[in-house]
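Biologist: Please take one strand of this model and go through it closely. I would like to know what surrounds it and how it is paired.

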Amino acid sequence: MPLSPPLGQHPRLLVTAGPTREPLDSVRYLSNRSSGRMGIAIAEAARARGWPTTLLLGPVDTPVEKSLDPIRFETTHELAQRLNEQWPTHDVLIMAAAVSDHRPTVVQEGKMHHEGDMLLTLKPTEDLLASLAERSRPDQVRIGFALEEPATMVDRARTKLQAKRLDAIVANPLSTMDAETVNAMLIDATSITESPANATKVEFARWLLEMVAARYSPGIVETTPVQGLDADA
Ligand code: CTP
């Protein structure tokens with residue numbers, strides 16, 4: 001089992017980004033509107049800090065720095081396989097992917113035909129972050145994302161933090177999905193920290209990595225501290 005990096009080395013970061021697609025038949029799928037921009041920004045910011053970074057990327061056309069050479073996935077099952085392959089050789093996971101909570105119980109061969117009302121039966125997908133808790137070294141750090149209605153955001157994010165046994169969770173209001181700017185909170189067992197107001201996704205990514213470096217990854221080298229983005233609430 002690969003050990004954590006010696007003191008003074010950069011953490012090896014694994015980032016997931018983008019939506020999953022769950023096939024209904026040979027031509028249709030269930031998915032969501034995630035563009036992957038947040039996870040891509042995090043991976044690019046980590047690479048700029050000198051952190052060895054692996055990006056697992058769903059089916060999006062959003063441009064990615066060529067040097068990142070993302071590993072692609074489509075379904076939740078494929079993402080689970082990629083995580084199982086990659087997680088043992090990484091130190092920090094930031095799970096920004098918008099993973100489908102359900103998939104069709106039956107995937108039709110060929111194309112379903114238009115025959116009036118249809119009833120789709122869905123079954124839950126595996127909770128990837130929760131199941132990784134069983135297969136992580138004590139020194140590995142797992143950070144999730146929660147996209148929530150503002151009124152219940154903090155409570156629901158805290159519940160997910162515990163249920164998935166995460167080190168921290170980024171709580172975003174639903175409006176973040178299509179927005180240029182982010183107003184999020186980083187929540188862990190003992191603190192809630194607001195991100196800098198109206199940060200772009202790139203600024204937010206830099207801030208988040210500062211937080212990860214300072215709080216959850218002892219012993220790493222700071223290469224590109226971000227000025228003016230330290231906004232502890
Ligand atoms: N996640 C996961 N596996 C799933 C669903 C979500 O690993 N099957 C991860 C997401 O990548 C995210 C975190 O769990 O980092 C929270 O995702 P979210 O969809 O907000 O939470 P759910 O547990 O799916 O709860 P709900 O959709 O009911 O709010």
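Modeller: What follows is a close look at strand β4, with a short note on the ligand at the end. This is a predicted model, in which local features need pLDDT of at least 70 and side-chain atom pairs count only at pLDDT 80 or more, while totals for chains, interfaces and linings use all residues. Residues are numbered from 1 along each chain as its sequence is written.

Strand β4 covers residues 53–57. Strands (E, at least two residues) and helices (H or I, at least four) are DSSP runs, numbered from the N terminus. In β4, 5 of its 5 residues are buried, where buried means that 20 or more other C-beta atoms, placed from the backbone, lie within 10 Å of the residue's own. In a regular strand, side chains alternate between the two faces of the sheet. Here Thr53, Leu55 and Leu57 point one way, and Thr54 and Leu56 point the other way.

Two strands count as paired if DSSP finds at least two bridges between them. Strand β1 (residues 13–17) runs parallel to β4 and is joined to it by 5 bridges; within this pairing, Val15 has Leu55 as its bridge partner. Strand β5 (residues 71–72) also pairs with β4 in the parallel sense, over 2 bridges, and there Ile71 stands opposite Leu56.

As for the ligand, the shell around it divides into 8 nonpolar residues (Ala, Val, Leu, Ile, Met, Phe, Trp, Tyr, Cys and Pro count as such), 3 charged (Asp, Glu, Lys and Arg) and 3 polar (the others, Gly among them). Strand β9 gives the largest share of that shell, 4 residues.

Notes
Buried ≥ 20, exposed ≤ 12 C-beta atoms within 10 Å, placed from the backbone.
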